[in-house]
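Me: Please take a close look at a single part of this model, the part you find best suited to a careful description. I would like one connected account that then moves outward from that part to the rest of the fold.

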Amino acid sequence: MKMLHLATVLLTLSGVFTQNRDWGVKYPDKLICAVRRFSISIPCYYSYPQNHQVKQKLWCSRKSNIDKCEAPPYVYNSSLNTKSDFKFTGDDKSDCTLLIHNVQFSYSGVYKFRFGTNVTGGRWTGEPGATLQVTDLKVSLIRLIGNGTLKQGDSLNLTCDVSCTNTSSQFVWSKNNQSLYTSGPVLHFPALTLRDSGDYTCTWGSGETSGSETISLHVGGSESSNSWIFWMVVVVTAGLILVVVIFSRRHVHTEPLMEDDSDIYTTVQYDTFTMN
């Protein structure tokens, strides 16, 4: 009898272990960064016994991972037909991905997926959840050489900053919507020229999200170049005035000569006619 009882206990424990292996939720094992006002996707996959059917899907957001999300509030509830920034993009099989639009600072927290099946007591909350941190993407201008308004010859860096970057983060720069084919959080300008004026956009992205920020550069001429342009305009203007004066004087002077030439020509013709 003791051996039979022991066998029953072992069989019961074996069933529990098998059931626990059938139930599960898998989240990203790293911190998820999100840029405010952009969208973020939280990848998620779940499993359950084959003889169950999923009837309800829930997502909750908490400030810590202690809560089991067994009670409201929920940011997503498949039983309620409501519209919000939180959208379930998974299915009833294995995908439980959550898409969040227009991310705000208040959305930071621990997200957990909970689902229920058609079997009594067949409910499960995935642990430990996915941690989301919301931040701003900032593009800063750091002057290295020069001060005041930007001018030719100044040196500066444009720096793209996200406070919760990870190893999968990527930075891409573009100017006036044209790719610069350069990467990294810093864009260096050793000596500015007029051609460097424009709108510069830093696009940051990871596997789950992306965001961008734009800054404008307006590069003016240096003081010496401005003086050179000023004197060139003065010289050219003076030259035009001089040409106009000379042309006017020549025009006035040639009119009497034409009259004199006409008189001489008439006199010669007259004398020749008289000699015949």
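Reply: The part I have chosen is the pairing of strand E14 (residues 170–175) with strand E15, two antiparallel strands that are joined by 3 bridges. Strands here are DSSP runs of at least two residues, numbered from the N terminus, and two strands pair if DSSP finds at least two bridges between them. The model is predicted, so local features need pLDDT of at least 70 and side-chain atom pairs count only at pLDDT 80 or more, whereas totals for chains, interfaces and linings use all residues. Residues are numbered from 1 along each chain as its sequence is written, and side-chain values use heavy atoms, with hydrogens and water left out.

Among the bridges, Val-172 has Ser-183 of E15 as its partner, while Ser-174 is matched with Ser-179 of E15. The hairpin formed by E14 and E15 has 2 residues between the strands, and in this hairpin Asn-176 adopts a positive phi near 50 degrees. Strand E15 covers residues 178–183, and because the number of buried residues among its 6 is 0, the strand lies largely in the open. Buried means under 20% relative accessible area (exposed is over 50%, partly exposed in between; 1.4 Å probe, protein chains only).

The hairpin belongs to an open sheet of 4 strands, whose order is E15-E14-E17-E18 and whose pairing is antiparallel. Its edges are E15 and strand E18 (210–217), each of which pairs on one side only.

From this open strand I turn to the buried interior. The largest nonpolar core (buried Ala, Val, Leu, Ile, Met, Phe, Trp, Tyr and Cys residues joined through side-chain atoms within 4.5 Å) has 26 residues, and those with the most contacts inside it are Trp-59, Ile-100, Tyr-111 and Phe-113. At least two residues of this core come from each of several strands, including E5 (54–62), E9 (109–117) and E11 (130–135). A second core of 21 residues is separate, and its members include Cys-33, Cys-160, Cys-202 and Leu-217. Beyond its neighbours within four places in sequence, Tyr-111 is in contact (heavy atoms within 4.5 Å) with residues including Trp-59, Phe-86, Leu-98, Ile-100 and Leu-132.

Aromatic residues offer another view of the fold, and the whole structure holds 14 aromatic pairs. Rings of Phe, Tyr and Trp (its six-membered ring) pair if their centres lie within 6.5 Å, with planes under 30 degrees apart counted as stacked, over 60 as edge-to-face and the rest as tilted. Tyr-46 and Phe-115 form a tilted pair, because their ring centres are 4.9 Å apart and their planes stand at 55 degrees. This pair links distant parts of the chain, since Tyr-46 lies in strand E4 (residues 45–47) and Phe-115 in strand E9, 69 residues apart. Tyr-46 is buried, with a relative accessible area of 4%, and Phe-115 also counts as buried, at 0% relative accessibility. Both rings belong to a cluster linked by ring pairs, among whose other members are Trp-23, Tyr-27, Trp-59, Phe-113 and Trp-124.
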